[in-house]
Amino acid sequence: MSTSATASVSTHILDTSAGRPAEGVAVQLCARTGRSADWQALGGSATDADGRCKDLPALPEGTTHVRLDFAVEPYFEESAKKQADAQQDAPANRDSGAFFPEVVITFAVEAGEHYHVPLLLNPFGYSVYRGS
């Protein structure tokens, strides 16, 4: 365990319907310093070709809760366009094809710990876990 006064956070997204990383998904990072405290927007990033956000902002000292907001609908809209172009006679998708237009994950943190939170994503469901 680290002796750092803050926790750190990283994430990546795997599109399980395509079997590859989800590139270009916007991710916003928010933090608060207690259950009743207001959320503070810290900034954001977008996933790279490997599905990772490598430049999420640092958490402020005293952070006890973190929220990751994943804007997945634009990703699925783009995926649907690519699929339609590849399969000209495929049926048209309704809307973006995503049941969940966004995924919001909130979790508790402790100073000195690193939290890697992978998102396993498909158009009709998702799963998250604390990775390493």
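Reader: How many salt bridges does the structure hold?
Author: The model is a predicted one. Side chains of opposite charge can pair when their charged atoms come close. Among the pairs found here are Arg67 with Asp69, at 3.3 Å from N to O, and Asp50 with Arg52. The number of salt bridges that the structure holds is four.

Reader: At what N to O distance do the side chains of Asp50 and Arg52 meet in a salt bridge?
Author: Asp50 has a relative accessible area of 41% and is therefore partly exposed. Arg52 is partly exposed as well, its relative accessible area being 31%. The side chains of Asp50 and Arg52 meet in a salt bridge with an N to O distance of 3.0 Å.

Reader: Is Lys54, the salt-bridge partner of Asp48, buried or exposed?
Author: The side chains of Asp48 and Lys54 meet at 3.7 Å, N to O. Asp48 has 23% relative accessibility, so Asp48 counts as partly exposed. For Lys54 the relative accessible area is 67%, and the cut-off for the exposed class is over 50%. Lys54 is therefore exposed.

Reader: Which strands stand at the edges of the open sheet?
Author: The open sheet is formed by four strands in the order 4-3-6-7, with antiparallel pairing. An edge strand has a single partner strand, so one of its sides is left without a neighbour in the sheet. The strands in this position are strand 4 (40-46) and strand 7.

Reader: By what angle are neighbouring strands of this sheet turned against each other on average?
Author: The sheet in question has the strand order 4-3-6-7. With direction ignored, the average turn between its neighbouring strands is 20°.

Reader: Which residue in strand 7 is the bridge partner of Phe70?
Author: Strand 6 and strand 7 run antiparallel and are joined by six bridges. Within strand 7, the bridge partner of Phe70 is Val103.

Reader: Which residues touch the most other members of the largest nonpolar core?
Author: In soluble globular proteins, nonpolar side chains tend to be buried together. The largest nonpolar core of this model has 26 residues. Those touching the most other members are Leu68, Phe70 and Phe107.

Reader: Which element gives the most residues to this core?
Author: The elements that give two or more residues to the core are strand 1, strand 3 (26-32), strand 6 (65-71), helix 1 (73-86), strand 7 (103-108) and strand 8. The element that gives the most, with four residues, is strand 8.

Reader: Which residues does Phe107 contact, leaving aside its neighbours within four places in sequence?
Author: Phe107 is one of the residues that touch the most other members of the largest core. With those neighbours left aside, the contacts of Phe107 are Val9, Thr64, His65, Val66, Leu68, Tyr115 and Val117.

Reader: Which residue in strand 8 stands opposite Thr11?
Author: Strand 1 (residues 8-15) pairs with strand 8 (residues 114-122) in the parallel sense, over eight bridges. Opposite Thr11, in strand 8, stands Val117.

Reader: With which side chain does the side chain of Ser10 make a polar contact?
Author: Ser10 lies in strand 1. Its relative accessibility is 16%, so Ser10 counts as buried. Not counting residues up to four places away in sequence, Ser10 touches Leu56, His114, Tyr115, His116 and Val117. The polar contact, at 2.6 Å, is with the side chain of His116.

Reader: Which residue in strand 9 is the bridge partner of Leu121?
Author: A hairpin of two residues joins strand 8 to strand 9. The two strands pair in the antiparallel sense over four bridges. In strand 9 (residues 125-128), the bridge partner of Leu121 is Tyr126.

Methods:
Residues are numbered from 1 along each chain as its sequence is written. This is a predicted model: local features need pLDDT of at least 70, side-chain atom pairs count only at pLDDT 80 or more; totals for chains, interfaces and linings use all residues. Side-chain values use heavy atoms; hydrogens and water are left out. Two strands pair if DSSP finds at least two bridges between them. A nonpolar core is a set of buried Ala, Val, Leu, Ile, Met, Phe, Trp, Tyr and Cys residues joined through side-chain atoms within 4.5 Å. Buried means under 20% relative accessible area, exposed over 50%, partly exposed in between (1.4 Å probe, protein chains only). Contact means heavy atoms within 4.5 Å. Axes are lines fitted to C-alpha atoms, for helices over the stretch in contact, and angles run from 0 to 180 degrees between N-to-C directions. A polar contact is a pair of N or O atoms within 3.5 Å; within protein, one must be able to donate a hydrogen and the other to accept it, and residues adjacent in sequence count only if both atoms are side-chain atoms.
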